[in-house]
Amino acid sequence: DLVYDLKGSRRNRLTLGAAPVFMDDNYLLRFNQEPFYVRKYSKSVLLQAAISDTDFLCQQTVMDYSLLVGVDESKDELIVGIIDYIRTFTWDKKLEMMGKWNINMIGSSIDNTNKMPTVVFPDVYRKRFLDALIRYFLEMPDRWTGFSNRPEIV
């Protein structure tokens, strides 16, 4: 069984070696090789719940939450829930974001990366988080659905 803490960010989101909880880059590495498909209805329920929950969190200026994903490989099941939702976007987080943004801009021109800082405004955090969920959970193909249907985030 595996446990992932997913934020939708690619900056410093790789755990090396054996760990009790893995992160976004570990999830992507694993499931690029061995995808874990979900049924269309399951993905729809997950995304609608995430859209609703993150809308509420965004209205409360909360950011830095994660989707905890447990993978029960013996049952081929995912267990999911939003965690770490107590951090609001206060003046110290704004200051941290500006500092990391400036450092990131200098670093990206040197090493050619373009990774957004992990600390961002709550609405930007929400969009990044939801976009990642859409990409991370692959819909099981069937004969009734196409591959180009992506839900719209409001």
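# Helices, sheet and turns in a predicted model

Q: Which exposed residues does the face of α2 turned away from its buried side carry?
A: That face carries Tyr41 and Gln59. Exposed means over 50% relative accessible area, so both residues lie above that cut-off. The model is predicted, and every value here is computed from it.

Q: Which residues of α2 are buried?
A: Lys43, Leu46, Leu47, Ala50, Ile51, Thr54, Leu57 and Cys58 are buried in α2. Buried means under 20% relative accessible area, so each of these eight names stands for a residue below that limit.

Q: What puts them on the same side of α2?
A: The buried residues cover an arc of only 135° around the axis, and therefore they sit on the same side of α2.

Q: What do the buried residues of α2 pack against?
A: Their partners are β3 (37-38), β5 (77-83), α4 (122-136) and β6 (138-139). A contact requires heavy atoms within 4.5 Å.

Q: How do you know what span is expected of α2, and what does the helix reach?
A: Helix α2 covers residues 40-59, which is 20 residues. The expected span is 1.5 Å times one less than the number of residues, and for α2 this comes to 28 Å. From its first C-alpha to its last the helix reaches 28 Å, close to expectation.

Q: What does α4 reach from its first C-alpha to its last?
A: Helix α4 has 15 residues and reaches 21 Å, close to the 21 Å expected at 1.5 Å a residue.

Q: Why is α4 described as largely enclosed by the rest of the structure?
A: Of its 15 residues, 11 are buried, so α4 is largely enclosed. Among them are Pro122, Tyr125, Phe129, Leu133 and Tyr136, along with the charged-type names Arg126, Arg128 and Asp131. The buried residues of α4 pack against β1, α1, α2, β4, β5 and β6.

Q: What makes β4 largely enclosed by the rest of the structure?
A: In β4, 6 of the 7 residues are buried, and therefore the strand is largely enclosed.

Q: In what order do the strands of the open sheet stand?
A: The order of the 4 strands is β2-β1-β4-β5, and the pairing is mixed.

Q: Which are the edge strands, and what makes them so?
A: They are β2 (22-23) and β5, because two strands pair if at least two bridges are found between them and each of these two pairs on one side only.

Q: How many bridges join β1 to β4?
A: Strand β1 (residues 2-6) and strand β4 (residues 66-72) run antiparallel and are joined by 5 bridges. The cut-off for pairing is at least two bridges, so β1 and β4 count as paired. Within this pair, valine 3 stands opposite glycine 70. Helix α1 (residues 24-33) packs on the sheet, touching β1, β2 and β4. The direction of α1 makes about 125° with that of β1.

Q: In what sense do β4 and β5 pair?
A: The sense is antiparallel, over 7 bridges. At least two are needed, so this count also satisfies the definition of pairing. Leucine 68 has glycine 81 in β5 as its bridge partner, and aspartate 72 has glutamate 77. The hairpin of β4 and β5 has 4 residues between the strands.

Q: What is notable about phi of aspartate 76?
A: Phi is near 55°, a positive value in a residue other than glycine. Aspartate 76 is found in the loop between β4 and β5.

Q: Why does aspartate 76 count as exposed?
A: Its relative accessibility is 59%, and exposed means over 50%, so aspartate 76 belongs in that class.

Q: Where is the place of threonine 61?
A: Threonine 61 is in the loop between α2 and β4, just after α2. It has a positive phi of about 55° although it is not a glycine.

Q: Why is threonine 61 called partly exposed?
A: Its relative accessible area is 37%, which falls between the 20% and 50% cut-offs, so threonine 61 is partly exposed.

Q: Where in the chain is confidence lowest, and where highest?
A: Helix α3 (residues 91-111) is lowest, at a mean pLDDT of 58, and α2 is highest, at 95. Over residues 108-114 the pLDDT is below 50, and beyond near neighbours in sequence this stretch has 2 contacts in the model. The mean for the chain is 81, with 73% of its residues at 70 or more.

Key:
Residues numbered from 1 in each chain as written. Predicted model: local features only at pLDDT ≥ 70, side-chain atom pairs only at ≥ 80, totals over all residues. Heavy atoms only, no water. Buried < 20%, exposed > 50% of the residue type's maximum accessible area, 1.4 Å probe, protein only. Arc of directions from axis to C-beta. pLDDT = per-residue confidence, 0-100. Axes fitted to C-alpha atoms, helices over the stretch in contact; angles between N-to-C directions.
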